Amino acid sequence: MRADARFNREQIIEAARALFAERGPDVPTEEVARRAGVGTGTLYRRFPDRQALISAVASDGFHRVVAIARTAEDEEPDAWGALTRFVHQAGAELRLATWLSVWFASAWAELQEDPENRRLRQILLKILDRIVRRAQSDGDMRPDVDTGDVALLIALLFRPIPGLRTDLTRRSADRASALMLDSLRARDDARQLPGQGITAADLDPGGH
């Protein structure tokens, strides 16, 4: 792909990400093109329909989330700091991903089976698994949770609530993430969780 074509593609994806996050799924394609600074013809040459654009935005988001997780694991001095940093920094990407999964269910189902996206999901689960194990070994995370528990909590945290204003959605996600992290802290007086923990392998049997 030529440099100018690659630049246009990146600009379109970035514009679509921002507009989907700001206004939801019904943003006109023409407005995406205008925000990206390209003509509608250029947009349609890169993305012939809305599903192709959604797929590109979602795949770009998967790459961003994995990069955030890797950086958090590599740079933070302890696992609890890595988890906290990941939840806070990946929040916008995870929120958009869960919104896309609700708004465009059929496109999302196809994305889940895409080999590259499956590979990224497996990488993310492995990073999260290492962080959880280290945090428990350090005594910072309660011992009765497993990686799948944490992954599902994070996913549920950013699910859209129909009818809730955008500013309240963001505020509630920030507060809920703080509550979630607090609930994962190791405490002597914590009640034992019921049943067996959900593992990374439970969420992705083929990846572990």
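**Contacts and overall make-up**

I began with contact range in this predicted model: among contacts between residues at least 6 apart in sequence, I found that 71% join residues at least 24 apart. I then looked up the secondary structure, which comprises 11 helices and zero strands, so that I noted the order along the sequence simply as α-α-α-α-α-α-α-α-α-α-α. For burial, I recorded that 43% of the 208 residues count as buried, and for the surface, that the protein exposes about 11300 Å², with carbon and sulfur atoms supplying 51% of it.

**Largest pocket**

I turned next to the largest pocket, for which I noted about 710 Å³ of space and a lining of 28 residues, with Phe62, Leu94, Arg121, Leu124 and Ala155 lying nearest its centre. Looking up which elements give two or more residues to this lining, I listed helix H4 (50-75), helix H6 (91-103), helix H7 (105-113), helix H8 (115-137) and helix H9 (147-157). The largest share, seven residues, comes from H6. When I sorted the lining of the largest pocket by class, I obtained 20 nonpolar, five polar and three charged residues.

**Second largest pocket**

For the second largest pocket I wrote down a volume of about 210 Å³, and a lining of 15 residues, of which Asp144, Val145, Asp149, Leu153 and Leu193 lie nearest the centre. Two or more residues of this lining are given by H9 and by helix H10 (166-184), and H9 provides the largest share, four residues. By class, I entered seven nonpolar, five polar and three charged residues for the lining of the second largest pocket. I also marked that H9 appears among the elements listed for the largest pocket as well as among those listed for the second largest.

**Threonine 147**

Staying with helix H9, I picked out threonine 147, which lies in it. Is threonine 147 buried or exposed? I entered it as buried, because its relative accessibility is 0%, and the cut-off for buried is under 20%. Which residues is threonine 147 in contact with, once its neighbours within four places in sequence are left aside? My list holds Leu125, Leu128, Asp129, Val132, Arg133, Ile198 and Ala200. With one of these, aspartate 129, threonine 147 also shares a polar contact of 2.5 Å between the side chains. As a last entry, I looked up alanine 201, 54 residues from threonine 147 along the chain, and found their C-alpha atoms separated by 9.0 Å.

Notes. Residues numbered from 1 in each chain as written. Predicted model: local features only at pLDDT ≥ 70, side-chain atom pairs only at ≥ 80, totals over all residues. Heavy atoms only, no water. 1 Å grid on protein atoms, 1.4 Å probe; cavity = no way out; pocket = protein on both sides within 12 Å on 5 of 7 lines; lining within 4 Å. Points joined across faces, edges and corners; volume = space filled by probe spheres on them. Nonpolar A, V, L, I, M, F, W, Y, C, P; charged D, E, K, R; others polar. Buried < 20%, exposed > 50% of the residue type's maximum accessible area, 1.4 Å probe, protein only. Contact = heavy atoms within 4.5 Å. Areas by Shrake-Rupley, 256 points an atom, 1.4 Å probe, with all protein chains shown as cover. Polar contact = N/O pair within 3.5 Å; in protein donor to acceptor, adjacent residues only side chain to side chain.
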